[in-house]
Amino acid sequence: MSILLEGLLSFTWQQAVMMLIGCALMYLGIKKEYEPTLLVPMGLGTILVNFPMSGIITQPSTGVEGVLNVLFDAGISTELFPLLIFIGIGAMIDFGPLLQNPFMMLFGAAAQFGIFATVVLIVAVTGLTLPEAASMGIIAAADGPTSIFVAGKLAPNLLGPITVAAYSYMALVPIIQPPVITALTTKKERMIHMKYEPKDVSKTAKILFPLLITFVAGFTAPMSLPLIGFLMFGNLLRECGVLDRLSASAQNELVNIISILLGLTIATKMTAGEFLNVKTLLIIAFGLLGFVFDTAGGVIFAKLLNLFRKEKINPMVGAAGISAFPMSSRVIQKMATKEDPTNFILMHAAGANVSGQIASVVAGGLLLSFFM
Amino acid sequence: MSDIMVKALELMGVGMGGIFVVMILLYGISQVLLKLTAPKKDN
């Protein structure tokens with residue numbers, strides 16, 4: 001009888017709290033449809049790893065390796081899962097809007113401001129180490145795989161809460177960005193129309209572009225090459241025109257399988273001992289600030305450019321420079337339509353949004369280069 | 001100013017500077033690429 005009760009008697013209130021958090025993640029994924037591909041497996045994983053003395057994770061008392069730890073060592077410690085998922089993301093990205101208006105590249109750069117501003121702020125107000133601060137700052141990249149990749153190298157102990165924060169805030173972009181943009185712009189600025197002259201982009205340009213990005217990132221931010229290389233490989237599958245089957249597999253089967261494994265595996269770091277501490281609260285708070293700073297960086301940069309430009313830019317487009325693609329560009333278009341139903345800036349915002357995807361990976365690579 | 005703060009500010013300078021360099025480089029390259037590979041227009 002004591003064997004049957006052993007698990008229940010070892011159950012702590014902290015584990016109960018974690019199970020509730022797991023339920024909350026599943027609720028957000030299923031009911032609110034916030035990043036369900038990650039939050040649902042992660043939510044269930046959080047419940048599983050918090051059963052006392054279970055065989056699902058390695059228990060210090062028995063030393064028997066749990067299946068989730070095996071997956072963690074194989075897929076996260078080796079960086080395999082975030083990299084493989086990047087092949088799928090690359091296959092989903094259309095660089096067309098960016099190539100039609102390459103000037104939007106600059107907004108991708110400006111909207112990474114939140115990463116570094118957050119690091120400085122964390123260092124100023126907490127006693128955390130710089131690698132830990134950098135791992136929290138990368139949440140502002142608004143790019144899940146990059147956050148996992150960087151945090152896995154710089155602060156593996158914080159991987160669980162960083163992943164939860166990164167994916168949760170990406171899902172909350174429609175709630176986070178509008179008030180920041182509204183606070184930093186006037187109605188007149190939000191109503192600025194931008195001329196859209198669609199240029200024809202040749203197939204050759206679309207094939208060469210991912211290769212050129214790989215060369216540039218490979219030489220200037222070599223630590224970002226695994227991410228950029230896999231991302232651009234995925235994009236090449238899409239654009240080359242002779243690998244449609246592989247492109248479809250990367251976009252669907254590969255992304256689906258890795259998402260299942262990634263969500264479950266990250267839950268290894270969602271045990272009560274690793275999650276319930278002050279650092280998690282800091283990650284949640286500073287992650288949100290990072291998204292706010294990113295948005296502000298993009299908007300203020302656009303406003304600065306407007307001081308020198310004859311043809312004005314709608315500053316809201318700057319906010320789309322964060323990497324949360326395509327959600328951010330849709331949010332910007334929705335705000336533009338709200339101010340003026342005839343204003344169509346989606347293609348400009350999409351260009352900035354795609355450039356944010358490239359810039360966030362480069363930012364992750366530069367962060368790693370700084371420490372390694 | 002503490003050492004760690006100096007390092008954090010250095011990281012910000014290197015990071016933002018680096019990103020702008022890379023993105024400006026990509027901007028220039030894509031302009032050249034678009035010129036070189038412009039689709040031929042039918043008369």
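I began with confidence in this predicted model, and noted that chain A averages a pLDDT of 89, with 100% of the residues scoring at least 70. Going through chain A by element, I found confidence lowest in helix H1 (residues 2–10) of chain A, where the mean is 77, and highest in helix H19 (residues 316–319) of chain A, where the value is 94.

Next I looked up the nonpolar core. The largest one has 138 residues, and I wrote down Phe107(A), Val317(A), Ile332(A) and Val362(A) as those with the most contacts inside it. I then asked which helix gives the most to this core, and the entry is helix H21 (residues 346–371) of chain A, with 14 residues.

I followed Val362(A) further and, leaving aside its neighbours within four places in sequence, listed its contacts as Ala217(A), Ala221(A) and Ser224(A), together with Ile19(B) and Val22(B) from chain B.

That led me to the boundary between the chains, where I recorded 27 residues of chain B in contact with 37 residues of chain A. Sorting the chain B side of this boundary by class, I noted 21 nonpolar residues, five polar residues and one charged residue.

Last, I turned to Lys338(A), which I placed in helix H20 (residues 327–339) of chain A. Is Lys338(A) buried or exposed? I entered Lys338(A) as exposed, because it has 11 C-beta neighbours inside 10 Å and the cut-off for exposed is 12 or fewer. I also noted that the C-alpha atoms of Lys338(A) and Arg190(A) are separated by 9.5 Å, although the two residues stand 148 residues apart along the chain.

Note on methods. Residues are numbered from 1 along each chain as its sequence is written. Chains are lettered from A and ligands numbered from 1 in the order in which they are written. This is a predicted model: local features need pLDDT of at least 70, side-chain atom pairs count only at pLDDT 80 or more; totals for chains, interfaces and linings use all residues. Two residues are in contact if their C-beta atoms, placed from the backbone, lie within 7 Å. Ala, Val, Leu, Ile, Met, Phe, Trp, Tyr, Cys and Pro count as nonpolar, Asp, Glu, Lys and Arg as charged, and the others, Gly among them, as polar. Helices (H or I, at least four residues) and strands (E, at least two) are DSSP runs, numbered from the N terminus. A residue is buried if 20 or more other C-beta atoms lie within 10 Å of its own, exposed if 12 or fewer, and partly exposed in between; C-beta atoms are placed from the backbone. pLDDT is the predictor's confidence in each residue, from 0 to 100. A nonpolar core is a set of buried Ala, Val, Leu, Ile, Met, Phe, Trp, Tyr and Cys residues joined through C-beta atoms within 7 Å.
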